[in-house]
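Student: I should like to discuss the side-chain contacts of this structure. Could we proceed one interaction at a time?

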Amino acid sequence: DGEVHINELKNGNSEMFWNPTSEVRRQRLKRHIVLFEEQTDFESERLWQHVTSAINKGDQHKATQEKFVLEEEQRNAARERRENGTEWKPLLFQHDATTNEWRYKYEDLRPWDPLNDIAQFEKNGILQTMERHLSTRMSNHKTTCINNQMTRHKRSAKDCRRRKTSDQPSNHSQNTESSCSTPESVQELSDDDGKYLGITGLCAQCGKEMNHLKEIHSAVLSLQRAQQDIHR
């Protein structure tokens, strides 16, 4: 979204090649990064901050010094691990003994399925693919939860009726009968707010998956808008 010039080395002339309009600048994709204060010591922006600062200031000597300091710290840390017999375990990569290469743990090399795959996204360093049948699994899980709740509800009503028809009436049993009420009818699941009316709220897994799907849906909409801008 910046100006691009073509410089002719033979005669020193400079020609404007690209000058984006304000409309183009407004359509720039937003850059999503972790806040600097929330980054860990080994995340690139924090780890290389002094090198980056020196490069931005045009101080190549300072940048080289800072780079040397970082690399020397890493060599010393590796030397200490070898001496202490401590194994380094990467969080997101694993060593492939066959190829002697480090591979990303969560790589997905299967062909893209346009009928089922909606979007690929990254969360906590893990690449995941949003698929259409996620909604089906969610629906099936909700159905299972409702069925379990209804089964427990019916069992409670049956036990209550048994106590009512006890063949040994007494003052105590009469009190039990009067305190035992018939359970209210189970209402259907509301599609609007996703809550189980008449039973309980969403189970922990349902609630978590629902929130996760909302986050993914929001991200997908953003990607679709960006894709439309690119096509235009």
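Tutor: We may begin with a criterion: a salt bridge is a side-chain nitrogen of Lys or Arg within 4 Å of a carboxyl oxygen of Asp or Glu. The model under discussion is predicted.

Student: How many salt bridges does this rule give?

Tutor: Side chains of opposite charge can pair when their charged atoms come close. Applied to this predicted model, the rule gives a count of 12 salt bridges.

Student: How far apart are the closest N and O atoms of E23 and R26?

Tutor: E23 and R26 both belong to helix α1, which spans residues 22-26, and they lie 3 residues apart, so about one helical turn separates them. Their side chains form a salt bridge, and the N and O atoms that come closest are separated by 2.4 Å.

Student: Which of the terms buried, partly exposed or exposed applies to R26?

Tutor: Its partner E23 has a relative accessibility of 39% and counts as partly exposed. The class of exposed residues begins over 50%. R26 reaches 60% relative accessibility, and therefore R26 counts as exposed.

Student: Which residues are linked with E72 in a network of salt bridges?

Tutor: One contact is the salt bridge between E72 and R75, with an N to O distance of 3.1 Å. These two are 3 residues apart in helix α4 (residues 60-84), so they are about one helical turn from each other. E72, at 27% relative accessibility, is partly exposed, as is R75 at 41%. The residues linked with E72 in the network are K67, E71 and R75.

Student: What is the relative accessible area of R232, which forms a salt bridge with D229?

Tutor: The closest N and O atoms of R232 and D229 are 2.1 Å apart. D229 is partly exposed at 25% relative accessibility. R232 is exposed, and its relative accessible area is 67%.

Student: Turning to aromatic rings, how are the planes of Y104 and Y106 arranged: stacked, tilted or edge-to-face?

Tutor: The whole structure contains 2 aromatic pairs. In the pair of Y104 and Y106, the ring centres are 5.9 Å apart and the planes meet at 70°, so the arrangement is edge-to-face.

Student: Which residue joins Y104 and Y106 in a cluster of ring pairs?

Tutor: Y104 counts as buried, at 16% relative accessibility, whereas Y106 is partly exposed at 35%. Ring pairs link both of them into a cluster with F93.

Student: Over the ring of which residue does the charged end of R46 sit?

Tutor: The charged end of R46 is 4.6 Å from the centre of the ring in question. That ring belongs to F36.

Key. Residues are numbered from 1 along each chain as its sequence is written. This is a predicted model: local features need pLDDT of at least 70, side-chain atom pairs count only at pLDDT 80 or more; totals for chains, interfaces and linings use all residues. Side-chain values use heavy atoms; hydrogens and water are left out. Helices (H or I, at least four residues) and strands (E, at least two) are DSSP runs, numbered from the N terminus. Buried means under 20% relative accessible area, exposed over 50%, partly exposed in between (1.4 Å probe, protein chains only). Rings of Phe, Tyr and Trp (its six-membered ring) pair if their centres lie within 6.5 Å; planes under 30 degrees apart count as stacked, over 60 as edge-to-face and the rest as tilted. A charge sits over a ring if NZ of Lys or CZ of Arg is within 6 Å of the ring centre and within 35 degrees of the ring normal.
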